[in-house]
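Visitor: I would like to learn how to read the aromatic side chains and the overall form of a model such as this one. Could you take me through it step by step?

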Amino acid sequence: MTERILTVSEVNREINDALKKHNGLWNCWVTGEISNFKDHIPSGHWYFTLKDKEAGIKTVMFKTRNLTAGFQPQNGMKVSIRGSIRLYEKDGSVQLYAEEIYPSGLGALYLAFEQLKSRLAAEGLFAAEKKKPIPRFPSRVAIVTSSTGAALKDILHIARRRNPLVSLIIIPSAVQGEAAPGEIARAIQRANHYGEIDLLIVGRGGGSLEELWAFNTEEVARAIAASSIPVVSAVGHEVDYTIADFVADLRAPTPSAAAELVIPVLNELKDGIRYYEEKLTQRIQSVLRTKRHKVEELMSNSALARPGWRVEQSRQNLDYLSTRLVEGMTGFLTEKNGILRLLSAKIDLLSPLNILGRGYSLAYDIEGKLIKTVRQAAAGDALSVRLSDGTLICEVTDIEELQASNDSNVKRGLP
């Protein structure tokens, strides 16, 4: 059996495939110290060796990734890197392809931050549709922060300067240390139970990542998400982003900015009211002028100016029309009566009884059939003769038939 001879490329490809199949080397975190750092120009890619006391691994971070690093690595700096282990097949070197990089010591916190952020985002806690609207004119604002911190002083100072009529309710809480997450969460819950609070500011002044960490805990995040009162997060400085910022309904870059964002300026409100009052007055006056002009136009109309005259005219018209109606009805009835009399006379002329009155008669046989010709009768037949005033019962004794051709009569009588 002939053994297969691999090329170097095939060996490297096999190694690389094996590395790709190793889940533990994919999207993993590696910590170490930077050495041989090189910021390649013009590509902008970072190349360096990540090492500890016993080993080192070549690392590359492409420009598209290192643009979001937020710092410039230096030799000797300890860092934590998220990336994947792959083989650079060209020279057969195993490398760490970095996706994220953080200064060491903070790496664990960043990792926890990213993991919690990803999990809460997957649950929808950061969804825009869940954000509650921030009231434009809050009358009561609660503040959850340290009672001795500079953040509270800044918020109070700005709030009183902008609008002393807004009520401020301070709910003190620890804002750093182990007890801080629980105290902040309970303070948010108390604010919700207190009632009649329009807005809630949760925050503190600037500090290190560790000092701000309470606002990166799941306990605080879920308390903010569960709040029925709109929450404004105001943690640290503008560059500090916490989990609370993502969950809150509005993020203020600083506590002072939170007060600026949510407390409306009283003088501006008064100016606004005066402005709208003037606009409203002008509008009302304009409407009144238009209506008054319309009324004057209507009053100048002669018909509307003397409404009694209009009634009198209508009343006279009514009398005229009433007379016309009576005359029309009388004429109509008179004309119809004449027609009826004429038709009655015509009917009388056509009446058989009227004809009988003029001397004519009708003869019927014993069955009541009308005798129209002498051929329907024979001598000896009994006939009834209808006259205008009665009936004659007769017997045929002789028949004379009129001959139309020679005007002679043919006699038919009893034998």
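Visitor: Is Tyr276 buried or exposed?

Guide: Relative accessible area is read against two cut-offs, with buried meaning under 20% and exposed meaning over 50%. In this predicted model, Tyr276 has a relative accessible area of 58%, so Tyr276 is exposed. Tyr275, with a relative accessible area of 44%, is partly exposed.

Visitor: How many aromatic pairs are there, and how is the geometry of one of them read?

Guide: Two rings pair if their centres lie within 6.5 Å, and the angle between their planes then decides the class, with under 30 degrees counting as stacked and over 60 as edge-to-face. By this rule there are seven aromatic pairs. One of them joins Trp29 and Tyr102, whose rings lie 5.9 Å apart centre to centre with 25 degrees between the planes, and the pair is stacked.

Visitor: Which parts of the chain does the pair of Trp29 and Tyr102 tie together?

Guide: Trp29 belongs to strand 1 (residues 28-39) and Tyr102 to strand 5 (residues 93-103), so the pair ties together parts that are 73 residues apart in sequence. As for exposure, Trp29 counts as partly exposed at 27% relative accessibility, whereas Tyr102, at 11%, counts as buried.

Visitor: What class of pair do Tyr275 and Tyr276 form?

Guide: Their ring centres are 5.2 Å apart and their planes stand at 75 degrees, so the pair is edge-to-face. Ring pairs can also join into a cluster, and here they link Phe37, Trp46 and Phe48.

Visitor: What does the radius of gyration say about the protein chain?

Guide: The value is read against that of a compact globule with the chain's number of residues; for 415 residues this would be near 22 Å, but the protein chain has 60 Å. Along the principal axes, the C-alpha atoms fill a box of roughly 175 × 100 × 45 Å. The secondary structure within the chain comes to 12 helices and 15 strands.

Visitor: How are burial and contacts read for the chain as a whole?

Guide: One looks at the share of residues that are buried, which is 31% of the 415 residues in the protein chain, and then at the sequence separation of the contacts. Among contacts with a separation of 6 or more, 58% are between residues 24 or more positions apart. The exposed surface of the protein chain is about 27,200 Å², and carbon and sulfur atoms supply 55% of it.

Key. Residues are numbered from 1 along each chain as its sequence is written. This is a predicted model: local features need pLDDT of at least 70, side-chain atom pairs count only at pLDDT 80 or more; totals for chains, interfaces and linings use all residues. Side-chain values use heavy atoms; hydrogens and water are left out. Helices (H or I, at least four residues) and strands (E, at least two) are DSSP runs, numbered from the N terminus. The radius of gyration is taken over C-alpha atoms; the globule rule is 2.2 Å times the number of residues to the power 0.38. Buried means under 20% relative accessible area, exposed over 50%, partly exposed in between (1.4 Å probe, protein chains only). Contact means heavy atoms within 4.5 Å. Accessible areas come from the Shrake-Rupley method with a 1.4 Å probe; for residues, only the protein chains shown count as cover. Rings of Phe, Tyr and Trp (its six-membered ring) pair if their centres lie within 6.5 Å; planes under 30 degrees apart count as stacked, over 60 as edge-to-face and the rest as tilted.
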